[in-house]
Amino acid sequence: VAVNGSSARFEGQVENGTTEFYAVYPFSRALSADASNLYVNLPSDQTPASGTFAEEMNISVAAGHKTPGTPEVSGLLFRNVCGLVYFTVPAHLNAVSEVVFKAENRVLAGKLTIAKSDAQTVTGVSSGSNSVSMTGDFAAGSTFYFVVAPGEVNGFSITVKTRNGATFTNSS
């Protein structure tokens, strides 16, 4: 409803006696919740944004509580739950049209399971993809960020495609 510096005001209807509250930003990424977990969607197709990640891509979760008899919810501190992988387009590649980051050993995007116990730990990824991609305009010499499920990656490749049909892949 209102934002004032580092605080915000939300309004809505909740069941009497509710003491636990969870929030996901952006709301469009929220899927569902159960007694122990929150479920959010991290897309594998992302939009390039020079110097940052795509708008509303880096998922944040907050957990708050309300003391019975009081109107205020406290403790809603948003924390990012994903990781970032950045790359810089080489200055000599001025016609890049797509970049794909692929992990050999794990899922990078899909349905993330976030533990309610701390509202920041991703405990699993399902229905997902082991690669994330960006298609669009990439300015030569600029840096871009993929948003990925957190965790260790042992072996990966980055593939760069140009508008003239050339493909470059670097693996580790």
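# Close-up views of a predicted model

**View 1. The largest pocket, with strand E3 in front of mind.** E3 gives the most to the lining of the largest pocket, with 6 residues. Keep in mind that this is a predicted model. The largest pocket holds about 1100 Å³ of space. Its lining is made up of 33 residues, and those closest to the centre are Phe10, Phe21, Ala23, Val73 and Leu76. Strand E2 (7-9), E3, E4 and strand E5 (37-42) are the elements that give two or more residues to the lining. Sorted by kind, the lining residues of the largest pocket come out as 21 nonpolar, 8 polar and 4 charged.

**View 2. A cis peptide bond between Tyr25 and Pro26.** Zoom in on the link from Tyr25 to Pro26 and you'll find a cis peptide bond, with omega near -5°. As a rule, most peptide bonds are trans. Pro26 sits in the loop that runs between strand E3 (20-25) and strand E4 (30-33).

**View 3. An open sheet of 5 strands.** Read across this open sheet and the strand order is E6-E13-E10-E15-E16, with mixed pairing. Strand E6 (45-46) and strand E16 (167-171) are the edge strands, each with a single partner, so one side of each has no neighbour in the sheet. What holds such strands side by side? Strands of a sheet pair through backbone hydrogen bonds, either parallel or antiparallel. E6 and strand E13 (residues 131-135) run parallel and are joined by 2 bridges. On that seam, Asp45 has Ser133 in E13 as its bridge partner.

**View 4. The antiparallel seams around E15.** How many bridges join E10 to E15? There are 7, and the two strands run antiparallel. Across this seam, Ala103 stands opposite Phe156 in E15. E15 also pairs with E16, again in the antiparallel sense, over 5 bridges. Here Ser157 has Ser171 in E16 as its bridge partner. E15 and E16 make a hairpin with 4 residues between them, and Gly165 in the turn shows a positive phi of about 95°.

**View 5. The salt bridge between Lys161 and Glu98.** Which residue does Lys161 form a salt bridge with? The partner is Glu98, and the closest N and O atoms are 3.6 Å apart. Lys161 belongs to strand E15 (residues 156-162) and Glu98 to strand E10 (residues 96-103), so the contact ties together parts that are 63 residues apart in sequence. Lys161 itself is partly exposed, at a relative accessible area of 32%. For the model, the count comes to 1 salt bridge.

**View 6. Two aromatic pairs between E9 and E14.** The model has a count of 7 aromatic pairs. In one of them, the rings of Tyr86 and Tyr145 have centres 5.6 Å apart and planes at 40°, so the pair is tilted. This pair links distant parts of the chain, with Tyr86 in strand E9 (residues 83-88) and Tyr145 in strand E14 (residues 143-148), 59 residues apart. Are these two tyrosines buried or exposed? Tyr86 is exposed at 57% relative accessibility, and Tyr145 is partly exposed at 23%. Phe87 and Phe144 form an aromatic pair too, this one stacked, at 5.7 Å centre to centre with 25° between the planes. Phe87 is in strand E9 and Phe144 in strand E14, so the pair ties together parts that are 57 residues apart in sequence. Phe87 is buried, with a relative accessible area of 10%, and Phe144 is buried as well, at 1%.

**View 7. One aromatic cluster.** Pull back a little from the stacked pair and the cluster comes into view. Phe87, Phe101, Phe138, Phe144, Phe146 and Phe156 form one aromatic cluster. Phe156 may ring a bell, being the residue opposite Ala103 on the seam with E15.

**View 8. Positive phi at Ala119 and Ser127.** Most residues other than glycine have a negative phi. Ala119 isn't a glycine, yet its phi is positive, at about 55°. Ala119 lies in the loop between strand E11 (109-115) and strand E12 (122-129), and it counts as buried at 2% relative accessibility. Ser127 also has a positive phi without being a glycine, at about 50°. Ser127 is placed in strand E12, and it is exposed, with a relative accessible area of 71%.

Technical notes:
Residues numbered from 1 in each chain as written. Predicted model: local features only at pLDDT ≥ 70, side-chain atom pairs only at ≥ 80, totals over all residues. Heavy atoms only, no water. Salt bridge = Lys/Arg side-chain N within 4 Å of Asp/Glu carboxyl O. Buried < 20%, exposed > 50% of the residue type's maximum accessible area, 1.4 Å probe, protein only. Pairing = 2+ DSSP bridges. 1 Å grid on protein atoms, 1.4 Å probe; cavity = no way out; pocket = protein on both sides within 12 Å on 5 of 7 lines; lining within 4 Å. Points joined across faces, edges and corners; volume = space filled by probe spheres on them. Nonpolar A, V, L, I, M, F, W, Y, C, P; charged D, E, K, R; others polar. Phe/Tyr/Trp six-rings, centres within 6.5 Å; stacked < 30°, edge-to-face > 60°.
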